[in-house]
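Colleague: I'd like to learn how to read a multi-chain model with you. Could we go through it feature by feature?

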Amino acid sequence: MTEILIKNGFVVDPRNKINCEKMDIAIKDNKIVKKINEKQAQIIDASGLTIMAGGVDIHSHIAGAEVNLGRIIRPEDHYKDPVRKTPITRSGTGYSIPSTFVTGYRYAEMGYTTVFNGSIASMKAKHAHEELNDIPLLDKGTFILTGDWWFVLENLAKNNIDECARLVAWLIHSARGYAIKVVNPGGLESWGFGRNVHSIDDQVPNFCITPREIMRGLIKVNKKLNMPHTIHLHTNNLGVPGNYQTTLDTMKALEDLSTDGKPVAHITHIQFACFKGENWRKFKSGAEDISKYINTHNHITLDMGQVTFSDTTTMTADGPFEFSLYEMGGHLKWVNSDVETESSGGIIPFEYKRNSPVNALQWSIGLELALLIKDPWKIFMTTDHPNGGPFYDYPKVLAWLYSKKAREATLKKCHKSARKKSLLPSINRELTLYEIAIMTRAGTAQALGLPNKGHLGVGADADVAIFNINPETLDIAQKFRTARRAFAHAVYTLKDGVIVTKDGQIVNSQIPGRTIWVDAQTKDPCRIDDDMKRKFKEYWTMEYENYPVTDHYIKVSDKVTVKASV
Amino acid sequence: MEHKLLATLITGRTIEQGVGKEKGKGSEEYFDSCAVCFFDKSDMLSLGIKNGSTVRVTSKYGSVIVKAKKYRWGTTPGMVFMPCGSWANVVCGDETYSMGMPLYKGFPVEIEPAPDQPVLTLEKLLLQQFGRNSA
Amino acid sequence: MSKIINNVVCPICGCLCDDLEVTVENNEIVKMKNGCAVCDAKMVHGYKSEERILKPLIRKDGKLIPVSMDEAIKKAAQILADAKYPLLFGWSSTVGEAQRIGVELAEELGSALDNCCSVCHGPSVMATQEIGIPAATLGQTRHRADLIVYWACNPWASHPRHVERYTAFTSGRFESSEWKNYMQRLKAASGRKKMEMASKRIARVEPPIKPKVCFTGPPPQMLEQKPGRKMIVVDVRKTMTAEIADYFLQIEPNRDYEVIEALRCLVTDQEIDVDKVGGIPIDTLRDVADAMMNCEFGVIYFGLGMTQSLGRFRNIEIAIALARDLNRKTKFVISPMRGHFNVTGANNVFAWQTGYPFAIDFSQGYPQFNPGENTAVDLLKRGDNDATLIIAADPGAHFPSVIMQNMMKHPLITINPDMNAISRLGDVVFPAQWCGIEYAGTAYRMDTVPITLKKVVEAPPGVLTDEELLSRILKEVRAIKIKRGEPVGQTEITPTHPDTTKPSPTHKTPAKPKQTKKTKERLK
């Protein structure tokens with residue numbers, strides 16, 4: 001029975017429309033409550049500090065076979081960032097792909113309490129969950145690669161939405177996943193024989209289906225299952241110059257599927273899908289076109305996938321993209337990791353440089369998008385960790401968003417061609433703390449369908465971040481470095497009503513965090529008859545009985561049950 | 001005729017060794033499958049040994065008595081093969097070229113017939129090599 | 001009273017076949033179907049052999065004396081806590097859950113931590129760290145591969161069902177099994193007798209056929225003409241695997257690097273100004289290179305013949321480079337034939353907890369990685385460590401004796417289910433349960449696919465699992481350190497089967513979870 005009262009802080013809670021108001025936050029056990037007995041409670045004096053809900057990251061590659069392979073192939077990345085053991089914390093290594101414990105610690109130090117894992121192949125889901133169990137202090141969930149699963153392709157080709165929905169429900173359940181992830185739809189299957197699809201209307205070899213049909217089909221499936229999150233989409237032609245057109249085509253193709261004005265798809269790391277120009281030499285920003293579209297439509301949410309200029313590791317299930325990145329030259333290591341009947345994958349260590357015209361413009365594109373899209377509930381802050389940069393660069397990204405001065409300081413150091421092409425000098429917008437809270441917590445929690453996260457209303461999870469920012473005295477846009485430091489080291493982070501970090505230091509590492517997963521209950525459950533089992537045997541090299549993730553792999557389970565309409 | 005053969009030794013897995021190790025390191029199967037050295041037919045002729053004769057395999061690192069066997073598919077003359085196991089270990093080297101991997105394959109050994117010498121069992125071999133065993 | 005348990009996972013090699021049918025009678029496995037000969041040896045005979053250790057033993061006056069579990073744990077913890085720099089080695093034949101605690105123990109002790117990978121595919125991992133690897137899961141090969149190359153490995157002996165389950169003799173969506181063709185050719189070529197003999201030797205692995213082409217023979221036109229899957233074996237000696245292949249290249253020992261480099265030249269259209277490389281005529285290599293370039297989906301599986309011969313990780317590096325180059329022409333992947341059933345898991349568990357897959361040193365309080373320095377063999381060769389803990393491995397049978405002699409200079413603790421060579425040499429010898437037979441846990445297949453090993457029989461009374469043993473040793477080590485006034489880590493020793501604490505009220509959980517086939521059986 002713990003009771004905590006956070007007093008006199010400036011509360012920023014966009015979900016409840018609270019903007020820097022001086023308020024007390026009462027916590028009982030792991031929930032935010034209306035009132036507690038002040039005498040019994042532990043008091044946190046937050047005068048002069050900003051209080052936000054714990055951060056919610058919508059897309060970050062923190063666990064799974066792909067991530068771990070990235071760790072294995074990059075000892076040189078870990079050498080520069082060893083993390084010593086303490087009586088409280090475990091040892092490990094950091095940098096672009098930190099070890100599991102360090103991942104948890106560093107997120108918590110920044111006031112993050114919930115992180116969603118970018119993508120995993122269901123066949124290797126046990127691995128991802130084992131890693132997630134070793135990431136302390138965070139609630140986490142993981143998206144399941146579904147777009148190129150043979151069962152989905154076959155059923156959608158026959159327009160069998162209901163059957164497909166039942167199978168997807170089974171897959172998400174058996175992988176203990178949270179949402180449907182679609183990566184380069186059709187492209188991953190084509191990559192099985194070294195090919196790719198290049199527009200949303202290309203035929204997927206051997207399957208008589210197009211990416212457009214896959215995406216539309218899975219959105220219908222997602223709706224039938226009443227999943228809390230939309231489909232999580234990584235578009236075709238990612239990382240290819242001129243792909244903003246594909247992105248626009250994709251968004252247009254999904255327009256009619258939104259009936260109630262709610263989003264139907266979340267396009268992730270949009271920066272990588274927003275390139276204009278027919279080749280790298282004529283590379284330009286597509287941010288204007290994309291943001292114009294988003295500003296007039298409501299069926300899509302986005303996250304940035306911001307580039308932060310660091311030596312990082314790119315990793316995605318988009319195997320053909322990684323190969324084309326490798327083919328561009330200059331890369332020593334290339335990993336490809338296909339997963340039978342489900343997915344592919346690739347890893348390439350990559351250094352984003354300010355003096356590279358392309359990289360510098362990529363940096364600009366991400367920020368342009370975030371600033372040109374007027375509604376912060378539509379675009380969220382990520383670096384697609386570790387693809388654009390490691391998550392510990394978030395404070396930097398925030399600084400670029402809330403301070404034109406910070407943007408200019410960086411832009412000055414960028415390649416001159418990027419400087420010329422960048423739209424940033426023409427953008428004066430500087431985000432407020434309120435907008436930042438939307439892009440990092442309230443908005444992401446809403447997009448993910450997490451009613452008790454991302455806000456500080458009564459009944460919300462007691463995940464709280466307190467930053468050393470006094471909105472009355474500190475002009476964050478001018479003193480962006482001070483604010484950046486504040487975001488990098490929260491004064492307090494509370495997870496489940498327990499103080500886990502204080503002054504940017506871990507004080508309690510024993511909160512395991514929950515694994516949030518969805519059980520979409522179909523009226524007529526997926527019939528796994530003998531015929532189906534035979535099919536499993538044919539498709540996978542693993543027996544059907546050994547395939548699903550069992551309860552053993554979930555340390556602390558947080559099941560979200562939804563009633564499906566099939 | 002000098003009864004010595006200079007050969008290249010390869011150690012590796014055999015299915016019999018696999019079965020033997022799973023049945024138990026003290027099992028007869030393990031002994032029968034591991035305390036052996038496979039030869040090319042022509043090498044056996046030149047050494048004057050038969051299938052089942054005992055031979056002494058010597059390298060820079062040690063020397064061990066094992067049974068000679070004819071390799072079923074006739075390996076290349078001058079190349080001999082021993083299944084991995086405690087007997088092969090005696091002649092394997094500690095040179096890792098700073099990569100953690102000692103010498104297991106493709107190093108020179110000298111082989112001579114050892115007609116009257118016994119092949120040590122695992123227990124005796126351990127006692128001989130390390131001065132202790134499970135007794 | 002006998003019961004049949006289906007889909008049991010075989011805890012022996014990196015194939016992790018998960019289709020075994022095991023018959024249990026009176027808590028004893030009496031029959032096993034579908035597995036190979038090695039699997040049969042372990043699952044039906046080996047696990048219950050006389051070699052089994054049932055009580056902890058401590059060496060006193062040169063003799064191993066049975067003692068109580070508490071005494072053995074105290075003694076082991078004392079040895080480890082007293083040592084300045086212990087080495088914890090093994091880990092490849094135990095489950096991920098135990099490996100996790102192993103890392104924590106190593107961190108607490110400030111010790112060296114290494115797994116069997118360093119003497120099998122350590123060089124492969126190092127090569128991957130150099131240039132990456134284009135890999136795929138085994139099913140990808142099964143569905144798509146029309147060219148299968150086994151380089152310097154002999155799956156017939158080391159992974160007996162690899163060919164049958166994942167490559168040439170299995171049917172996938174786009175490629176069919178070559179087994180019938182082999183059978184037909186076999187019938188034509190040789191009599192039934194030979195077939196029966198071979199079949200007896202290895203359960204379910206298809207019988208051999210006559211060698212077709214030899215390395216000195218004419219260029220293998222058949223590689224182009226033959227429809228369906230093609231299988232090429234490259235090795236320094238002829239093996240059973242070579243017999244079942246369509247084509248066998250016998251190269252000179254320690255010449256893998258040159259041969260692969262020559263193939264790379266041919267694949268990238270460069271001229272080679274010699275007649276032979278590694279004993280193979282260039283024309284022959286050209287045909288092989290053509291076969292590689294013209295396939296739809298090719299795969300190279302490589303074994304210890306590459307990692308253990310001269311060049312070590314450079315051999316693998318060049319092979320990966322070849323596969324990578326081939327991806328410009330077609331689809332090509334390459335994979336190591338990982339040996340022990342969970343050596344891949346050891347790499348993975350170590351990596352997610354520390355960032356490094358093997359050869360880890362905790363002496364500075366944080367993980368450091370330096371193969372060649374922290375690898376077990378190098379460490380022992382220099383005589384750096386002053387105590388050793390071996391778990392789930394048998395360096396007694398697989399380390400060179402010269403190395404082992406150094407290990408024997410210091411106290412040795414062993415944790416193994418049976419009296420293998422290293423247990424025979426130990427100072428404190430723990431018994432352990434057989435994972436995958438007596439308790440469940442996670443293992444990673446050679447292509448990093450995690451599979452849950454099953455429990456099929458009860459363990460003998462008093463014998464603990466690896467996790468339990470390690471947790472108790474860790475607890476004891478911490479107790480000793482606390483007594484000495486040294487700082488210790490927080491006692492967060494994870495139980496084997498974590499309880500799911502009450503779910504967050506964030507989301508309503510239905511009172512009764514739906515009991516369809518969806519909700520899978522819990523770990524037994």
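Colleague: What percentage of the 566 residues of chain A count as buried?

Modeller: Before that, some housekeeping: this is a predicted model, where local features need pLDDT of at least 70, side-chain atom pairs count only at pLDDT 80 or more, and totals for chains, interfaces and linings use all residues. Residues are numbered from 1 along each chain as its sequence is written, while chains are lettered from A and ligands numbered from 1 in the order in which they are written. Now, a residue is buried if 20 or more other C-beta atoms, placed from the backbone, lie within 10 Å of its own (exposed: 12 or fewer; partly exposed: in between). In chain A, 66% of the 566 residues make the cut.

Colleague: What does the radius of gyration say about chain A?

Modeller: You take it over C-alpha atoms and hold it against a globule rule, 2.2 Å times the number of residues to the power 0.38. For 566 residues a compact globule would come out near 24 Å, and chain A, at 22 Å, agrees with that. Its C-alpha atoms fill a box of roughly 65 × 55 × 50 Å along the principal axes.

Colleague: Which pair of chains has the most contacts?

Modeller: A contact means two C-beta atoms, placed from the backbone, within 7 Å. Two pairs of chains touch, and chains A and C have the most contacts: 70 residues of chain A meet 73 of chain C. On chain A's side there are 27 nonpolar, 23 polar and 20 charged residues. Here Ala, Val, Leu, Ile, Met, Phe, Trp, Tyr, Cys and Pro are nonpolar, Asp, Glu, Lys and Arg charged, and the others, Gly among them, polar.

Colleague: Which strands do chains A and C join?

Modeller: Strands are DSSP runs of E, at least two residues, and helices are runs of H or I, at least four, numbered from the N terminus; two strands pair if DSSP finds at least two bridges. Here three bridges link β18 of chain A (residues 335-338) with β8 of chain C (residues 134-136), running parallel. D338(A) sits opposite A136(C).

Colleague: And where does chain B come in?

Modeller: Chain B has 47 residues in contact with 60 of chain C, but no contact joins it to chain A, their closest C-alpha atoms being 15 Å apart.

Colleague: How do α1(B) and α1(C) lie to each other, roughly parallel or roughly antiparallel?

Modeller: Fit lines to the C-alpha atoms over the stretch in contact and take the angle, 0 to 180 degrees, between N-to-C directions. The axes of α1 of chain B (residues 15-23) and α1 of chain C (residues 37-45) come within 8 Å and cross at roughly 10°, so the two are roughly parallel. Under 35 degrees earns that label, over 145 is roughly antiparallel, 65 to 115 roughly perpendicular and the rest oblique.
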